[in-house]
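Me: Please show me the model, and then let me ask how its descriptive terms are justified.

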Amino acid sequence: MRIVIAEDLALLRDGLARLLRDNGFEVVAEVGDADALVHAVLREQPELAIVDIRLPPSFRDEGLRAALELRRTAPATAILILSQYVEHSYASDLLAEAGGAGGVGYLLKDRVLDVADFVDAVRRVAQGGTALDPEVVAQLLGNRGASRLDVLSPREREVLGLMAEGRSNAGIAATLVLSLGAVEKHIANIFQKLRLPPSGSDHRRVLAVLAYLQEG
Amino acid sequence: MIITAPVHPLFRARTYRELLFLAIGIPFAALVFALFVAGWTSIGLLVVTPLIVPVLLGYRGLVGVLSRWDAALARSLLGVSADPPAWSEGRGFWGRAKAVLGDSTFWRQQLYLLLRMVVGFGLGIGELSLIGGSFAWITQPIWYRWAENGFGSWRVDTLGRALLFVPAGLVGLVVAGWLARGLGALSAWQVRALLRPRPAPASPARLRDVRRRALRIHGGISLGLFLLVTVIWAATTRAYFWPEWVALPLGLVFAWHGIVELALSRVAPARRALAIHGGVVAALFLFLVAVWAVTSRGVFWPGWTLVGLASAVVVHWLVERSTRQGRLARRVESLETSRRGAVEEQDASLRRIERDLHDGAQARLVALGMNLGMAEQKFRDDPVAAEQLVAEARAGVAEALRELRDLARGIHPPVLSDRGIGAAIETLADRSPLPTTVTVDLAGRPPAPVETAAYFVAAEALANAAKHSGASQVAIALREADGRLEVEIADDGAGGADESGGGLAGLRRRVEALDGTLSVESPAGGPTTIRAELPCGS
């Protein structure tokens, strides 16, 4: 699987490249700013670009803007945003730009510490899935969604959170130590209680859940 | 080509709603008239007594009730939505009266009611009479027998004559329909222009351009009028040059306009008053000289008037200068205080950050290093224990990262510079444990220091509400009006916020350093409202 990394801090860039290579990915380009990222992606046509939000020259949200542009110009390349901080408005932009297509992720850099989990997220996004940071999901579940989620049982809320992160049924089952059948039953209950339309792919499911949470 | 004739207003339900609005305006006008007369008479009589304050507040209340009532009527009948904006409230006994008089909403509502009175009473009655008259004419053939009517000796006494009125009545009705449309549009415009919250003021540069253009147009019209009468004079008598009497008032008015325009280009209002005063005197003097020139040309009598008027201007100038110095002195004093406050606040923040780094991330890194060191020692002999230590180290790193991120957000949240104050406050609301609503009404982005100060006011107020107030919900409103950014945080908690406490006092220093004001209303028993106003001016 071919990956481009855009990160301005050399220490982090090298570490990330090493981690990915050790886990069997092919890092085809490592760049330090947004322009170089766009060029590298258009040249290499990788399956995935891992992008830091803050990039030179102004160290604001160049990375995010370049990523949104890449969604239009190189839709075949999935985008995983890595950042020191998460804001759910950034995640909303990213998901809106992705539309129904999937292949987007937004994670805190901290998540790299849990290598197995991180590698799983990288793979999921590269294959057209979604990976949303638990903090983004917590922001959405915490305040706006809170009152409207009263109808759910605590277990169903946990499942909803993991679903919003973009995890597959198998992933949810493994995390919560449940059987696959139990997870499916919880999900069916959630969709029924929140009156959400049933949806096919994992990514569409994430969009439906997030749209529901953001309405509030 | 298909030409679709527009449907005449009389065939539309909307027209009848507009007519109803006009008709209601007639009794409404009487009510407004009574309120104006009673209100301003009592205000005038009581102006020097303390009673003026409750009377003024009561009068404003009634003006507000009538305006809101009419706005509701306009919403259902005209389809114009206008939520009258909130009043500005003053503090203290006299301050409340002052706030009423300085409140643009109050004056705009009165202007609205005045216009409604004029339109309702004058045009409304005219329109309804036209409709009634037209109906009377159209139905003339039915009832002419029983009525004695006609013009002079020409009596309507046969069916033929009565039928003559039918087309005239129809024309009247058609005209009345169009008129109703026009009056409806006029009423809707009044509501939109005067009962909605005032739109953001145009930029000073743009206003100046508009004013300059107005001056040029004024000059052009005056010159054109003068040329016109001169041509008339040349074409007719050519005797006494009477157009000078047209030129004199035109020129004076134009000169007056020019002086006011010049005065408005200046900034300070006190100097503007002086400039206008000087301008009036100059214009008056020019007028007298002109009168003297075209009449007697004997003794230069305007001279004495000039001496009197000029000495008044000199006195005004002296007074203005001394108060300006007083004002400057007070300004310097308040700047010194607020600068000292800002420096102290900055110093306190730096110390807090240093302490957080020392107790938090630094300590964690030390523990992390120790864990890794021990793991290194045990690597060969006890790999299970080493793995445990490495796992602990990783958990420590995650914790340190989380602390550092919170610290960085406390110094300056990234979303604030990326997306502005609106998005940053929405994020705050999302993170708050209390249900929080946010309304944002901003045209553009305020300057960065203003955004930062407003953000920290909201952050601190929200944290206080969550920690101490026992509130069940919080509302944050962010708006920009008259070049000021206003942020207001209202909770429904128990109140009793300690204004001298560290957090609020720090906020006050921060806000005052930007020439803003912070008000805290938190009576025991609640609720608490914290409001900061920050000038966004350059």
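The exchange below sets some computed values against their definitions.

Me: What should be known about the model and its numbering?

Reply: This is a predicted model, in which local features need pLDDT of at least 70 and side-chain atom pairs count only at pLDDT 80 or more, while totals for chains, interfaces and linings use all residues. Residues are numbered from 1 along each chain as its sequence is written, and chains are lettered from A and ligands numbered from 1 in the order in which they are written.

Me: Why are α3(A) and α4(A) called roughly parallel?

Reply: The axes of helix α3 (residues 62-73) and helix α4 (residues 88-98) of chain A cross at roughly 15°. Angles under 35 degrees count as roughly parallel, and the two helices are therefore described in this way.

Me: Which residues make the contact of α3(A) with α4(A)?

Reply: Residues are in contact if their C-beta atoms, placed from the backbone, lie within 7 Å. On the α3(A) side these are A:L64, A:A67, A:L68 and A:R71, and on the α4(A) side A:Y90, A:D93, A:L94, A:E97 and A:A98.

Me: What makes β3 and β6 of chain B edge strands?

Reply: The open sheet has the order β3-β4-β5-β7-β6 in chain B. Strands pair if DSSP finds at least two bridges between them. Strands β3 (436-441) and β6 (517-521) of chain B each have a single partner strand, so one side of each is left without a neighbour in the sheet.

Me: How do you know that β5 and β7 of chain B pair?

Reply: Strand β5 (residues 484-491) and strand β7 (residues 528-535) of chain B are joined by 8 bridges and run antiparallel. B:D491 stands opposite B:T528 in β7(B).

Conventions: Axes fitted to C-alpha atoms, helices over the stretch in contact; angles between N-to-C directions. Helix = DSSP H or I, 4+ residues; strand = E, 2+ residues; numbered from the N terminus. Parallel < 35°, antiparallel > 145°, perpendicular 65-115°, else oblique. Contact = placed C-beta atoms within 7 Å.
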